[in-house]
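Visitor: Please show me the structure, and let us then go through the terms applied to it and the grounds for each.

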Amino acid sequence: TAGPAVLLATLGFLVAFYFVEPPPPRELVIAAGQPDGNYFRTAERYARLFQKHGITLTVRETAGSVENYELLLNDDSVDLAIVQGGAAPQDPGIKQLESIATLYLEPVWVFVPRGRPIRRLTDLRGLRIAVGKPRSGTRMLAEALLDANGVREGEAETAFVSEDAQRSIDLLHAGEVDALFLVLSADSPMVRTLLADERVEVLNFDRSQAYSRRFPYLESVVLAQGVVDLAKDLPATDVNLIAPAANLVATHELHDALIPLLIAAATESHESGSLVTAAGDQPSLDGAEFPPNPVARQQLKYGPSFFQKYLGFWVASLIDRAKILVLPLLILLVPLIKMAPSVYRWRIRSRIYRWYALLRGIDQALRDGRDDAQELRATLVDIAHELEDVTVPLSYMEEFYNLRLHIDLVMRQLDERLTEPGD
């Protein structure tokens with residue numbers, strides 16, 4: 001009974017094992033951004049958490065979101081990236097990406113010299129504008145916003161300046177540019193410094209709701225009066241802003257077992273909120289630009305599993321991958337266990353019935369008056385000796401003893417035949 005059950009279960013395990021994912025890799029590359037940017041610092045925080053679990057998360061320095069997308073689509077070593085909302089290229093391969101989480105909102109900051117008559121983006125026509133480095137998300141978003149307001153490079157002497165953030169700030173202070181675009185978290189030290197700088201002021205997007213309608217990846221947010229510095233009352237009034245989200249996206253090749261670690265890192269880093277978002281709002285999948293990863297959606301909705309909480313990453317990963325191996329147990333072993341008593345009874349009784357079949361043949365030969373009674377008796381003696389070495393469960397002893405009684409009965413009949421006159 002055990003042999004066929006074990007054989008079938010083993011076969012089921014082998015078939016199921018074919019569908020089990022391999023263990024998660026111990027090395028992973030994330031495309032981030034420039035070393036002085038928030039994407040890079042965020043990725044470094046993630047890397048420290050991964051290191052605690054024995055996984056090396058290498059942070060790849062890039063020019064920004066545009067290059068990050070290029071790496072995701074063309075570099076097999078990169079399966080993960082932090083990108084700016086709205087920076088996705090027009091590439092058919094982009095459909096193969098999936099969202100892990102939206103991490104935090106990054107307002108669009110436009111700083112101009114204090115006192116200049118610049119109140120809207122339309123007022124930047126004909127001026128020198130620092131729009132960020134090429135292939136960066138800042139550059140891509142700045143050009144889209146300026147274009148929507150009729151401000152285009154080369155028209156009416158409008159000039160776009162391509163420098164990194166710090167160099168652009170220096171140019172603004174030196175009067176060599178008239179406006180500066182930044183896309184940074186409200187908690188960024190660079191933004192806080194600029195908000196406290198009396199030489200510049202931040203542009204108020206009084207039509208923020210209109211921008212969020214025109215550009216679905218932008219949200220209308222408010223930097224509340226005094227939220228940066230209550231003592232100095234910074235900012236002095238509420239400032240309307242527009243903000244894309246920093247998104248964590250991945251290719252389909254990213255191992256699902258790593259998703260819980262990414263969600264844990266994102267939660268630890270961003271759930272406390274920021275100057276423009278409430279605590280607990282992020283990370284989420286609100287506003288995700290790509291189909292959400294199923295594991296990420298489950299993690300964000302229900303939190304970590306019991307095994308992930310108490311057994312550690314690698315044990316939880318092993319259990320999660322081994323779940324499919326339980327199927328052979330449920331599909332094969334459970335029915336076999338239910339069948340085992342019936343099969344066992346059949347095997348025991350078949351042995352007894354085999355002896356009964358021999359006994360019936362001898363009895364029939366005796367009734368037919370065959371003259372080989374001596375040979376029949378020898379066969380019966382062999383059966384009796386064989387039964388002496390047989391162990392039968394107590395529940396079948398009645399049938400076993402009935403067999404022995406019937407053997408004795410036929411033996412007596414044979415003995416009577418053998419002692420009859422003339423034998």
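Guide: In this predicted model, Glu27 stands opposite Thr56 in S2, and strand S1 (residues 27-31) is joined to S2 by 5 bridges, the two running parallel.

Visitor: What makes S1 and S2 a pair of strands?

Guide: Pairing requires at least two bridges between two strands, and 5 bridges join S1 to S2, so the two count as paired.

Visitor: Why are S2 and S4 said to stand at the edges of the sheet?

Guide: The open sheet has 5 strands in the order S2-S1-S3-S12-S4, with mixed pairing. Strand S2 (56-60) and strand S4 (97-105) each have a single partner strand, so one side of each is left without a neighbour in the sheet. From one strand to the next, the twist averages 25°.

Visitor: How do you know that the largest space, with a volume of about 400 Å³, is a cavity?

Guide: A cavity is a set of points where a 1.4 Å probe fits but cannot get out, and by this rule there are 2 cavities of 30 Å³ or more, of which the largest has a volume of about 400 Å³. Among the 29 residues that line the largest cavity, Gln34, Gly37, Thr138, Val183 and Leu184 are the closest to its centre. Strand S8 gives the most to this lining, with 4 residues.

Visitor: What makes Arg119 and Leu203 lining residues of the second largest cavity?

Guide: A lining residue has an atom within 4 Å of a cavity point, and Arg119 and Leu203 are among the residues that line the second largest cavity, which holds about 50 Å³ of space. Its lining divides into 4 nonpolar, 1 polar and 4 charged residues.

Definitions and conventions
Residues numbered from 1 in each chain as written. Predicted model: local features only at pLDDT ≥ 70, side-chain atom pairs only at ≥ 80, totals over all residues. Heavy atoms only, no water. 1 Å grid on protein atoms, 1.4 Å probe; cavity = no way out; pocket = protein on both sides within 12 Å on 5 of 7 lines; lining within 4 Å. Points joined across faces, edges and corners; volume = space filled by probe spheres on them. Nonpolar A, V, L, I, M, F, W, Y, C, P; charged D, E, K, R; others polar. Axes fitted to C-alpha atoms, helices over the stretch in contact; angles between N-to-C directions.
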